[in-house]
Amino acid sequence: MAVLLATIMPVAADTAFHSPLDVAFSPDSATLAVGDATRHTLTLIDPTSHRILRSIMLAGEPSGIAWSADGSKLYAAESGAGQIAEVDPSKGTITRRFVTGRFPRGLASASRRKLLLACDWGLNHLAVINLTDGKEITWIPTGCQPTSVSISPDESTAVVSNLLPNTAATDPAHAAEVNIIDLEKRSVRSIVHLPTGSTNARGIVISGDGKTAYVVHTLGRFHLPTTQLDRGWVNTNALSIIDLRSGTLTATVLLDQMMKGAADPWGVAIDPKGLRLYITLAGVHQLAVIDLDRLPEILTMDRAALANDLSALHRKGLMRIIDLPVKAPRGISVAPANGRIAVAGYFTGTVVLLDENGSDIKSVLLGPQPKPDAIRLGEIAFHDAGLCFQQWLSCATCHPGARSDGLNWDLLNDGIGNPKNARSMLLSHATPPVMSLGVRDRMETAVRAGFIHIQFTEPAEEEVAAVISYLKSLQPAASPHLTRDGSLSDSANRGKELFQSKSVGCATCHPAPLFTKLAMKDVGTASPQDLGKTAYDTPSLVELWRNPPYLHDGRATTLHQVLIDHNPDDDHGNTSDLKPAEIDDLIQYLLSL
């Protein structure tokens, strides 16, 4: 209960930072809606006078905004509170709230169908809400952690991007996916798998003719050891083009340059004429502008090779890069009436307005911005690829939200040739040693080593100290598998009894409150790639729901596979004698932590 309440309590307006996350122009382009993540407010701005019209307090993080077709209603996700607010923008009042999963994100309105779509990020499905009565009609399954949704102009199709891969990390095709949804049948029409190593798929948009979808993501070269960064050896940043008619991937093109990364692409939007595609590059604080009219020129090349071509867009003169006066540009919107662009500057607390050519830049401050403390400075550094050699990646590239990207990385801290799954940084300071093989004695050591050996840079001591402060400040998010009042379900309560029982023995290695005994353990999961190592650091089970795949090499996509398929000798608890219903109860408890 306490964790859930801490998630949704109002934010103190005089102390919180302004952190604009999402932006959306009204259909008539006369109003710009801004979701302020850390203040839990929805701010309305006049984009002509740059005047703030009003701010509406929300019950959770506004991680998605959508307008009705006539502009009379505005919808804002209240992530953490498990609901979506319907706002009357003319009065600044909340008229209704729709109950949904705990972490709604990325909203889209299909006004003619009287539907609102919301990515249920925590439970891996798309919620379909009837705008007539405000109730959920159905849930449509998606990939792992759906983040953004876009609807075709004729409202026949929706596309959903997913932050993490939905397969085992040992799968040669391990990558995030895009779901194409048939809105008439309210079901998945097809699944498009992005190139191997794709993760952090965020912004997605459908072209004006409804034939093409564009999604931005990172593209990790996890099959290579991290011996160097230059020329995209470890990480690249990409735009994938999807043919909605055939439900297939047309091509993936890189946003980087030969010796400079375009780290952490985030938001994507198309101008009303369909001539330009705009992409925010959150890690390098820039805006990429792609000439859509000429983009087919590079599609005549070897399309498979484009995903490895660091200069295709630049060589053909198809992309311009614009430096923005913000830190971490994220959400982006284009005004339907005049093509003006709005970009949310997350760490600066400002919204940037540009003309359709990316010039005439104006900044609107959402309000007084407190001086950054050590935690905020650490969060900024954690997300800043400018600290990395050639700007290929930030800490957040491999640890989105300071958790895991789901990929197996062959780091150099324990030898070459033994890749292991990236781990969440939550509670890392309280659960030493760190890394799967415990090669770093504590989190503070690992932070310094990460800058030097992964980002290939010598960080300033104050930057290291700030990142350490940020990581120590991280708090677990309330599980979406808890009941709405934050308590365990009946099934999870039964699972808790099994977890704590001596006969099953889970709590022996995973005692509360950290759910780890801080020791190395051989659980029978070693493989030839582990180079003779058999014992691994016992991980915390806190936020287990949020960090698939599982085991040190990510071979298990579900907890059922951990407890049954990869537990032949009962090293992960004595589960072989449990009934199927008991296994389900145990899993429900684990997902509730």
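This short presentation covers a strand hairpin, an open sheet and two buried aspartates.

Good morning, colleagues. Please keep in mind throughout that the structure is a predicted model.

I begin with the hairpin. Strand 3, residues 41–46, and strand 4, residues 51–57, run antiparallel and are joined by 6 bridges. Threonine 41 has methionine 57 of strand 4 as its bridge partner. Between the two strands of this hairpin there are 4 residues. In that turn, histidine 50 has a positive phi of about 65 degrees.

A general remark may help here. Strands of a sheet pair through backbone hydrogen bonds, and the pairing is either parallel or antiparallel.

I turn next to the open sheet. It is formed by 4 strands in the order 9-10-11-12, with antiparallel pairing. Which strands stand at the edges? They are strand 9, residues 104–110, and strand 12, residues 135–141. Each has a single partner strand, so one side of each is left without a neighbour in the sheet. On average, and with direction ignored, neighbouring strands of this sheet are turned by 25 degrees against each other. Strand 12 is joined to strand 11, residues 125–130, by 6 bridges, and these two run antiparallel. Within this pair, asparagine 130 has lysine 135 of strand 12 as its bridge partner.

I now come to the two aspartates. Aspartate 271 is located in the loop between strand 22, residues 265–270, and strand 23, residues 276–281. This residue is buried yet has no salt bridge. How far away is the nearest side chain of opposite charge? That side chain belongs to arginine 276 and is 4.7 Å away, whereas a salt bridge requires the charged atoms to be within 4 Å. The backbone nitrogen of arginine 276, however, lies 2.6 Å from a polar atom of the aspartate 271 side chain. Not counting residues up to four places away in sequence, aspartate 271 touches Arg276, Tyr278 and Val334.

Aspartate 88, by contrast of location, belongs to strand 7, residues 83–88. Aspartate 88 is buried and likewise has no salt bridge. The nearest side chain of opposite charge is that of lysine 91, at 4.4 Å. What does the side chain of aspartate 88 join in a polar contact of 2.6 Å? The partner is the side chain of serine 90. With neighbours within four places in sequence left aside, aspartate 88 is in contact with Ser72, Thr93 and Thr95.

Thank you for your attention.

Terms used: Residues are numbered from 1 along each chain as its sequence is written. This is a predicted model: local features need pLDDT of at least 70, side-chain atom pairs count only at pLDDT 80 or more; totals for chains, interfaces and linings use all residues. Side-chain values use heavy atoms; hydrogens and water are left out. Two strands pair if DSSP finds at least two bridges between them. Axes are lines fitted to C-alpha atoms, for helices over the stretch in contact, and angles run from 0 to 180 degrees between N-to-C directions. Buried means under 20% relative accessible area, exposed over 50%, partly exposed in between (1.4 Å probe, protein chains only). Lys and Arg count as positive and Asp and Glu as negative; His and the chain ends are not counted. A polar contact is a pair of N or O atoms within 3.5 Å; within protein, one must be able to donate a hydrogen and the other to accept it, and residues adjacent in sequence count only if both atoms are side-chain atoms. Contact means heavy atoms within 4.5 Å.
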